[in-house]
Amino acid sequence: MSLFDASERVPLRAAPSPALRGRFRPPGDKSISHRAFLFGLLTRGETRIEGLLEGDDVLRTGRACKALGAAVERLAPGRWRVRGPGLGALPPPREKLDFRNAGTGSRLTMGVVGGHGVTATFDGDASLRKRPMNRILDPLKLMGAVVLDEAEGGRCPITIKGARDPAPILYRAPVASAQIKSAVLLAGLNARGVTTVIEAEASRDHTETMLAHFGAEVTVTPEGGGRRIELVGRPELKAAPVVVPADPSAAAFPIVAALIVPDSDVVIEGVMMNPLRSGLVGTLLEMGADIAFLDRRREGGEEVADLRVRASGLIGVDVPASRAPSMIDEYPILAVAASFAAGATRMRGLTELRVKESDRLAAVAAGLAAGGVAHAIEGDDLIVEGGARPLGGGLVATHMDHRIAMSFLVMGLASRAPMTVDDTAMIATSFPTFRPAMERLGARFE
Ligand code: S3P
């Protein structure tokens, strides 16, 4: 697989489109795909992966796993084989680990390195270099890792000397973040004793599920409004196949497109219905979306369903802050849906959006302004005033953020005038087939 070239800007315009029709399966889930590579690295023997997301972010994690001693091979589209050196046996990487745009890949791999006696340098593109890493480095330091070098404020490039014998810790995550939780658990895998993470609000649980799938002893118990996760270190991880369900965060774009393009009727297949990832669909249902769940079944240990989505008259709602962890990546596209809804939608408690691939709160507000949509930011809340069909006609700055690019392209499929985004190169990080897939449903891009 070749990695894309992000050095050139690729602008794109989305134009008002005829009714979207057809069926489509989104690519594999990004969170599970990163973890599939990392579990393959940490497990001796052969890990087979089906349905891997072949986006740049995930391929960067695959590359890092290679640098850390795994044999990583692509057998067919979405089918990969990883043969890892196994827990405790990682060699020091000979090259810098360049994660480009990938926050999840870099942070989870920091956890792996932090719990092994190897030294590695982590770096990325201009977007990743702006993102805060102390949230990961702080617990890793408690476990015995040493930060040898870092850019100001705990930013990449960062060189970490991992702990050969990491201390099992009890860690209360300061924010509801699956990345923080996962980094601590991945480091804790190589600790003698029980590593505990307490999260005040439940975040996506793929790491816990996959730890159990690979034979580790992990217990999850409700605590307060959140969860306590306990992991017994130094398990004998057993190779196990990974089947990756379709990514609900990628599905979000065709779902909202079908809701707002008049007369649309599409089926999005195999979408993971994990409740910790389903906040957007729940919110859209509250807004009056016509979404039917067909053929609910299990795939790869997760519940999945085919979603039949028909164009709907939406109404504005109040989205509580407590829902944020289950839809953290979906606010840009929810803001687009809200632009087409009658009345105001208030999305509460969006602080974490400021530290994503871009400052997503600011980027969404600017995109709404470009589309002629009235909105306001009050503290950490975003209020979108829906009503008449948005004017569109604007140019949106994507700030190296794939979800900003896709969201405002979706807006342009249904606004009065086309919407243009200044760069679509980053879409390849998470949804490389976005354009052809949407075109097959009837979307018009120019
Ligand atoms: C992810 C966790 C989320 C999410 C990211 C993927 C993961 O980040 O935004 O796209 O796979 O663990 P946070 O944990 O920082 O909220």
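Modeller: Let me start with a term we'll need: helices (H or I, at least four residues) and strands (E, at least two) are DSSP runs, numbered from the N terminus. This is a predicted model, where local features need pLDDT of at least 70, side-chain atom pairs count only at pLDDT 80 or more, and totals for chains, interfaces and linings use all residues. Residues are numbered from 1 along each chain as its sequence is written, and side-chain values use heavy atoms, with hydrogens and water left out.

Colleague: Thanks! Where does Arg100 lie?

Modeller: Arg100 is not a glycine, yet its phi is positive, about 50°. Its relative accessibility is 19%, so it counts as buried (buried means under 20% relative accessible area, exposed over 50%, partly exposed in between, with a 1.4 Å probe and protein chains only). As for its place, Arg100 is in the loop between β6 (97-98) and α3 (103-114).

Colleague: And Met400, is that one buried, partly exposed or exposed?

Modeller: Met400 also has a positive phi, about 60°, without being a glycine. Its loop runs between β22 (395-396) and α11. With a relative accessible area of 26%, Met400 is therefore partly exposed.

Colleague: Which peptide bond is cis?

Modeller: Look at strand β9 (residues 155-161), which holds Pro157. With omega near 5°, the cis bond is the one from Cys156 to Pro157.

Colleague: Zooming out, what radius of gyration does the protein have?

Modeller: The protein has 12 helices and 24 strands. The globule rule (2.2 Å times the number of residues to the power 0.38, with the radius taken over C-alpha atoms) gives 22 Å for 446 residues. The model's value is close to that, so the protein is as compact as a globular protein of that length, with a radius of gyration of 21 Å.

Colleague: Which helix gives the largest share of the largest nonpolar core?

Modeller: A nonpolar core is a set of buried Ala, Val, Leu, Ile, Met, Phe, Trp, Tyr and Cys residues joined through side-chain atoms within 4.5 Å. The largest has 74 residues, and those with the most contacts inside it are Ile255, Leu284, Met347, Phe408 and Phe434. Its largest share, 10 residues, comes from residues 248-260, that is, helix α7.

Colleague: How many residues are in the other core, the one with Val197?

Modeller: That core lies apart from the one we just discussed. Val218, Leu231 and Val242 are also among its members, and its size is 65 residues.

Colleague: How far is Leu409 from Met438, C-alpha to C-alpha?

Modeller: Leu409 sits in helix α11 (residues 402-412), and its relative accessible area is 0%, so it is buried. Leaving aside neighbours within four places in sequence, its contacts (heavy atoms within 4.5 Å) include Leu12, Met419, Phe434 and Phe445. Met438 is 29 residues away along the chain, and the C-alpha separation is 10 Å.

Colleague: What relative accessibility does Thr196 have?

Modeller: Thr196 belongs to strand β11 (residues 194-199). Beyond four places in sequence, it is in contact with Ile169, Leu170, Tyr171, Arg228, Ile229 and Glu230. Thr196 counts as buried because its relative accessibility is 6%.

Colleague: One last one: which residues beyond four places in sequence are in contact with Glu73?

Modeller: Glu73 is in strand β4 (residues 71-76). Its relative accessible area is 27%, so Glu73 is partly exposed. Leaving aside neighbours within four places, the residues in contact with Glu73 are Arg79, Trp80, Arg81 and Arg83.
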